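Student: I have a multi-chain model open and I'd like to learn how to read it. Could you walk me through it, feature by feature?

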Amino acid sequence: MRLSGGLIDRSRTLRFIFDGKSYAGHPGDTLASALLANDVLLMGRSFKYHRPRGLIAAGSEEPNALVELRSGARREPNTRATMAELFDALEAQSQNRWPSLRFDAMAVNELFANFLTAGFYYKTFMWPRAFWEKLYEPAIRRAAGLGRLSMEADPDAYDKGFLHCDLLVVGAGAAGLAAALTAARGGAQVILADEDYHLGGRLLAESHSLDDRPATEWIAAVVAEFACLPNLRILPRTTVFGAFDHGVYGAVERVSDYRANPGICPRQTLWRITAKRTMLAAGATERHIPFMDNDRPGIMLGGALRAYANRWAVSPAKRVAIFTNNDDGHRTALDLLARGVEIAAVVDSRAGVEAKGQYRVISDAIVSGSKGRLGLRSIEVTRGGSTEWIACGALGVSGGWNPNVHLASHHRGRPVWNDSQQTFVPPAELPAGMIVAGAAAGRGTTHAALVSGAEAAVRVLNEIGIAATLPELPAAEDAPANLSPLWHVPGKHRAWIDFQNDVTVKDVKLSHQENMRSVEHLKRWTTLGMATDQGKTANVTALAVMAEMTGKGIAETGTTIFRPPYTPVSISVLGGGNTGTHFRPRRLTPSHQWATSQGAVFVEVGQWMRAQYFVRPGETHWRQSVDREVVATRKGVGICDVTTLGKVDVQGADAAEFLDRLYCNAMKSLKTGMVRYGLMLREDGQAWDDGTCARLGETHYVVTTTTANAGTVYRHMEFARQCLWPELDVQLISTTDAWAQFSVAGPNARKLLERIVDGFDLSNEAFRFMACANLSVCGGLRARVFRISFSGELAYEIAVPARYGNALMARLVELGQDLGATPYGTEALGVLRIEKGHAAGNELNGQTTAQMLGMGRMVSAKKDSVGAVMSRREGLLANTRVLVGLQPVDASEPVVAGSHLFAEGATQETATDQGWITSACFSPHVGSSIGLGFLADGAARQGEVIVAANPIQDQNVRLRVVSAHFVDPEGERLRA
Amino acid sequence: MPDLKPITALGGDTARRLHHGALELEENTELALASLALRRGATQPTLCGIDLPGPGAWALSDEIAAFWTGPDQWMVEGQNRADSDFASEVAALCPGCSVTQQTDGFAAFEIRSSAGETPILQLMAKLVNIDPIRFPSGSATRTGLEHMSVFVIRRAAHHIAILGMRSAAGSIWHALEKHILRIEDRKP
Amino acid sequence: MLIPHPLLGLRDAQEFSYLGDASLLDRPDGLAEKAGDAFFSYVYLRENPAGVHRELWFHEQGDRSWLVVTRNTVTHEILGAELARDVALRSRSPRERGDPA
């Protein structure tokens, strides 16, 4: 029912729908408070037993009232009704019930309650084994979980950002506001974050006055001053969910979650906050007292009842009872009375307690039962030997407050049990740079919170050289709780501790019987504390119950480990907002535009988009295009954009010596104006990367790498330069993007290039195979040419500044029309090099050596180079597998890369495995599929027929071992 | 002049521009770049009147600008000299140094605010993990932006430049555009 | 994590890539006798302490310096960082460093 007052805007009415029914509320309401205003108490069904449940809390610790918010693609399950700000046309559905909340068929689970206790799944569903996959698992999957996903793509936008500050204040209650005020006035860069949409924390929920005025007035004055302080950034609706290393914190800001339609505005933002110092002022969470049947809708935390009455002007019922073990319960009675709610009784477990106002107190008594399946109707009060039933529509339970020590414990510090306060306080070892204040530190009276917040701010700012002074703080209440511990009410039947995972006191006892002695095992055996609320209202009570059973005491029992996130964080926001094609960066080659206009189909190669093949009119299958490109290149001239291969510019007086140590083959002897193939080994002796090394000048080289290893080879080169041989005079810089580079290959390659070079002699005599030079093309454009061949044809690579790459590609194709100039993509590039027998990434997969590649003699024994020593290990040298060519005996059969090689007739198992196929393609030159692979003793087995096994596709193909050089084995075309 | 037509990093004939609120984003297609590294025994040159800046800094003279990129390494900028052989010009001024042409290695984007530094700071908070207070005018650093490595230069309080791999120009533009369009007039 | 770069101040660890134990700086002489044994240790054997560890980080999205960082592998506290080049040069003989005389 609605009460008067509260922080709601009654001038506007919002309509919302819950479970198909329409209701009204106001701005300032949450879905929870609006439902209570409409006398809706039943909001969900519990996880395991499907018991009718309602709210117990008013904040993010709520375990029961989880709803599916919104509909369609934006439907979000497991939304706490207490955290859903009400907006017009809000739609919500209750969860975990069928067909309806009032008549839930799965409540039949209650009849099997005795069989569904904690850990039941370790003992059931075992037999017969065959039933597991077909029957048990599907049934369990259907029954498990709470909410349903929409199964549609998330249409919202998400964002991320970076913030830096001197002081991060987590929590804008009394302590946090006092700290932020102190720090901001002192000139520090401050960030103040709170998960709520109003600043003020518990001050909003209580009826305390500050300096004899309502707390909201002080809050308003502080907020007004904040607006004038440019060094303070306020983040409302923001949960700081984790404390990471070195003062880095993760936070989620719910930017537009509360709006009906966010439009293009991001829904949530993930903030990485780097703070020199952090104050945890996250307040405390109240605990309840388990008793028999304590989970009926209408039974709530006492502090929540006050929050609903004071802040949201609602009460769950006209007549309310209180169950308490401390003075806090009486505060609830007074606040409710002041707002016209009838107090049936305050049941106080402590002896000799008197009423603090006009209400009945039953002292030295406990609540031992309740009635009202879909909503509380009465409670059973036991005092001494006698019991009494008291009619009431709601019960507020106050068992004490637990400081929210989570972030303080994210670095493996364990909270410390404080006996006098009967609660856990923050660990002695906090994350570096963190301080705790207010209720989170166990200093929870309003006065203590204000003072500890301000004082702590002064202290930490002093540590970082900022002088701040204590502000004048308003006078505030400082009343002690006078708590007398009562952890639960023993009884015959079930008393709930963890509402969300449906864990009872009996389950804790069972786990103890099953010899779960560590609190971590208690947690996993019972699943207590493992639901989406992470046991915020249950954990401490559970380990107190466990401590009773073991006789150890709470301090010795301890808590489980705290880990981020504090409350659930959506995967979408962790993703940072990049989706679809923009999920990761895309790199385009210089001729991308031209290639697109020519019908290229592109393929992802790491971050690059490379032309895979070019589709000509009439071509309907990729093989048509690729075969055509290969034939055209070997017959006329083909052009391919090879910009993606890594290029590193190497200069310095010791450049030659440096490169000689990086490559396993001799490189110091390379003359200016020449290029050499280079193989780099890993230090463990395996082959790593290959490429070319071109000497453009006395102390100027250009090193190329494979596309995939461009980054790692550069990193390795810098490692060698800075860490291994810092005494060498060498400078490095990457130039991969700076130069557009094209392979021009085929019998007409020279003729084509002669048409663009500015008077440069490209004849075989003047510019031999493996030569390189700086020159100019197309009327003065700076260029470089390298006479190297990957295809085995007469070939060159020509490089120009990247901005001219697109035009150069078009020009070459245009000028070479009569020469059969054909653009080719990565597929044809692959076929050409396989036909030639050139190793590439597939052959250099980290499991092969120079010896296996047939390059054993390239590894110079005359010098030390990376990997040389280890490459001579016996184990590596004993490997007889070498690179061979493979061709099917039956030309219509395929060669499949990845197949393993066996002798004909051998049983196919690891012991008889003789190698594997690394690369395969259709070869127009050969007229069948061909492949490259490593075969044991391959050099001596030329002409032999072996079997390639592909058990995944149930294939066995007979292959003939041939030379890896299918095309021009003598290398005549190269040197033409 | 070569008879080939160059294209911009974004694949166009002219520089791309975007104007939104107080922010203007512009592709800087006329910026020449050359990397400069000291060889052993070389003394640090003075280039066109500027002392090569120290770690984290960017310096400007009438003709050129330069920023520190690593120990004994700098990047030299030459506005409106993108078509020249800038590396050779710089090399001539810096004997005993290793100079490499970098003009076409990078796509450069200038972002200017017409409403003071606030929009620039709001934008930086979404793009890079740099504390703006420790990044005043005359600062330059390399850092990560949406998984890409970029140089960020604070040319003035209201003006930053982003230099990233030319091949990723489209991805960089997309990231800058996305965040610029989201900047509202709100207190930072 | 934040790495205290000796020239640039505190930087986000995401700008770096990690290589491993700083013992990688002490590459054995490949032409010496028993080089095989020395390289075996160099490539494969590590102390792998739970505690203070000297390790190599590469400022890939930064100034491309290699750093030797002293970090506690249990608490992640970073006790210091220096340019790997400086560490490597210190352990060389004067002749190797290229010093005159």
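**Reading the interfaces**

Tutor: Sure, let's start where chains meet. Keep in mind that this is a predicted model. Where chain B touches chain A, 53 residues of chain B and 61 residues of chain A take part in the contact. The area buried between chain B and chain A is about 4,600 Å², with 45% of it coming from carbon and sulfur atoms.

Student: How many salt bridges are there between chain B and chain A?

Tutor: The general idea comes first: side chains of opposite charge can pair when their charged atoms come close. Between chain B and chain A the count is 7 salt bridges. One pairs D3(B) with R811(A), at 3.2 Å from N to O.

Student: And what does the contact between chain C and chain A take from each side?

Tutor: There, 37 residues come from chain C and 27 residues from chain A. Together the two chains bury about 2,600 Å², and 56% of that is on carbon and sulfur atoms. On the chain C side, R27(C), W66(C) and R85(C) lose the most area to chain A, together 25% of what that side buries. This contact has 5 salt bridges, and D12(C) with R272(A) makes a salt bridge at 2.5 Å, N to O.

Student: While we're on chain C, what pattern does it follow along the sequence?

Tutor: Read it as β-β-β-α-β-β-β-α-α, which comes to 3 helices and 6 strands. The C-alpha trace of chain C spans about 40 × 35 × 20 Å along its principal axes. Of its 101 residues, 49% count as buried.

Student: Let's move to chain A. How many residues of helix 4 are buried?

Tutor: A quick general point: an α-helix has 3.6 residues a turn, so residues three or four places apart point the same way. In helix 4 of chain A, though, 11 of the 12 residues are buried, among them G176(A), L177(A) and T182(A). Those buried residues pack against several elements of chain A, including strand 8 (158-170), helix 5 (215-227) and helix 8 (446-463).

Student: What should helix 4 span at 1.5 Å a residue?

Tutor: Its 12 residues, 174-185, should span 16 Å, and the end C-alpha atoms are 17 Å apart, which agrees. After helix 4 comes G187(A), which has a positive phi, near 90 degrees.

Student: Now salt bridges within a chain. Is R53(A) buried or exposed?

Tutor: R53(A) counts as buried because its relative accessibility is 1%, and the cut-off for buried is under 20%. R53(A) forms a salt bridge with D295(A), with the closest N and O atoms 2.8 Å apart. The pair links distant parts of the chain: R53(A) sits in strand 4 and D295(A) in the loop between strand 16 and strand 17, 242 residues apart. D295(A) is also buried, at 3%.

Student: Which residues does D660(A) pair with?

Tutor: D660(A) meets K863(A) in a salt bridge at 3.5 Å, N to O. These two are 203 residues apart, with D660(A) in helix 16 and K863(A) in the loop between helix 20 and helix 21. Both count as buried, D660(A) at 8% and K863(A) at 10%. As for shared partners, salt bridges join R51(A), R53(A), D293(A), D295(A), R296(A) and D502(A) into one network.

Student: Last one: which residues make the nonpolar surface patch?

Tutor: V108(A), L111(A), F112(A) and F115(A) make it, over about 460 Å². F112(A) lies in the loop between strand 7 and helix 2 of chain A, and is partly exposed at 44% relative accessible area.

Definitions and conventions. Residues are numbered from 1 along each chain as its sequence is written. Chains are lettered from A and ligands numbered from 1 in the order in which they are written. This is a predicted model: local features need pLDDT of at least 70, side-chain atom pairs count only at pLDDT 80 or more; totals for chains, interfaces and linings use all residues. Side-chain values use heavy atoms; hydrogens and water are left out. Helices (H or I, at least four residues) and strands (E, at least two) are DSSP runs, numbered from the N terminus. The expected span of a helix is 1.5 Å times one less than its number of residues. Buried means under 20% relative accessible area, exposed over 50%, partly exposed in between (1.4 Å probe, protein chains only). Contact means heavy atoms within 4.5 Å. Patches are made of residues with over 30% relative accessible area and no salt bridge: like charges are joined within 9 Å, nonpolar side chains (Val, Leu, Ile, Met, Phe, Trp, Tyr) within 5 Å. Accessible areas come from the Shrake-Rupley method with a 1.4 Å probe; for residues, only the protein chains shown count as cover. A salt bridge is a side-chain nitrogen of Lys or Arg within 4 Å of a carboxyl oxygen of Asp or Glu. Buried area is the accessible area (1.4 Å probe) that two parts lose on being put together, summed over both.
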